[in-house]
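User: I am new to this structure and would like a close look at a single part of it. Please take one residue as the way in, and then work outwards to the rest.

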Amino acid sequence: MNEFKIENISEEQYNHYFQKWLYQYGGASDYVSLKHYIENYNNDVEGDVDIYSTSLCPCIICIKESQDE
Ligand SMILES: [Zn+2]
């Protein structure tokens, strides 16, 4: 997947991006839009969006996942 298209991500991935973005920017879309955030997301730096782990990501989904175990 060389050309990233926001339309091609799954709903699950979209929700995870959204929570990550919310955590980092507090929903301040005038600062960094969610679309811009997803398009510029760096898996190597910020963690694979398909992995739910609090060691990679501090968002609410990952926290919930870790609490369920
Ligand atoms: Zn997360």
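Is Ser53 buried or exposed, and how many other C-beta atoms lie within 10 Å?

Analyst: Ser53 is exposed: 11 other C-beta atoms lie within 10 Å of its own, and a residue counts as exposed if that number is 12 or fewer. The model is a predicted one, so this count comes from predicted positions. Ser53 belongs to the loop between H3 and H4.

From Ser53, two distances lead into the last part of the chain. Ser66 is 13 residues away along the chain, and its C-alpha atom is separated from that of Ser53 by 6.9 Å. Glu65 is 12 residues from Ser53 in sequence, with 7.5 Å between the two C-alpha atoms. Glu65 is a residue of helix H4. Its setting is not that of Ser53: Glu65 has 15 C-beta neighbours inside 10 Å and therefore counts as partly exposed, since that class lies between the limit of 12 or fewer for exposed residues and the limit of 20 or more for buried ones.

Helix H4 (60–68) also leads to the other end of the chain. The buried residues of H1 pack against H4, and against helix H2 (34–39) as well. Those buried residues are His16, Tyr17, Lys20 and Trp21. Viewed down the axis of H1, they fall within an arc of 135°, so they line one face of the helix. Glu11 and Glu12 are exposed, on the other side of H1.

H1 itself consists of 15 residues. From its first C-alpha to its last it reaches 20 Å, which is close to the 21 Å expected at 1.5 Å a residue. Just after the helix comes Gly26, with a positive phi of about 60°.

Two further residues of H1 can be placed in relation to later parts of the chain. One of them is Gln13, which is found in H1. Gln13 has 14 C-beta neighbours inside 10 Å and so counts as partly exposed. Once its neighbours within four places in sequence are left aside, Gln13 is in contact with Val49 and Asp50. For Gln13 and Val49, a gap of 36 residues in sequence goes with a C-alpha to C-alpha distance of 6.4 Å.

The other is Asn15, also found in H1. Asn15 is partly exposed, with 14 other C-beta atoms within 10 Å. Asn15 and Cys62 are 47 residues apart in sequence, and their C-alpha atoms are 12 Å apart in space.

The whole chain gives these details their setting. The protein has four helices and zero strands, and its pattern along the sequence is α-α-α-α. Of the contacts with a separation of 6 or more, 49% are between residues 24 or more positions apart. Buried residues make up 13% of the 69 residues. The C-alpha trace spans about 35 × 30 × 20 Å along its principal axes. A compact globule of 69 residues would have a radius of gyration near 11 Å, and the 12 Å of this protein agrees with that.

As for confidence, the mean pLDDT of the protein is 88, and 93% of the residues reach 70 or more. Confidence is highest in helix H1 (residues 11–25), at a mean of 94, and lowest in helix H3 (residues 43–46), at 86.

To return to the starting point: Ser53 is exposed, lies in the loop between H3 and H4, and has its C-alpha atom 7.5 Å from that of Glu65. Glu65 is in H4, and H4 is one of the helices against which the buried residues of H1 pack.

Notes:
Residues are numbered from 1 along each chain as its sequence is written. This is a predicted model: local features need pLDDT of at least 70, side-chain atom pairs count only at pLDDT 80 or more; totals for chains, interfaces and linings use all residues. pLDDT is the predictor's confidence in each residue, from 0 to 100. Helices (H or I, at least four residues) and strands (E, at least two) are DSSP runs, numbered from the N terminus. The radius of gyration is taken over C-alpha atoms; the globule rule is 2.2 Å times the number of residues to the power 0.38. Two residues are in contact if their C-beta atoms, placed from the backbone, lie within 7 Å. The expected span of a helix is 1.5 Å times one less than its number of residues. The arc is that of the directions from the helix axis to the C-beta atoms.
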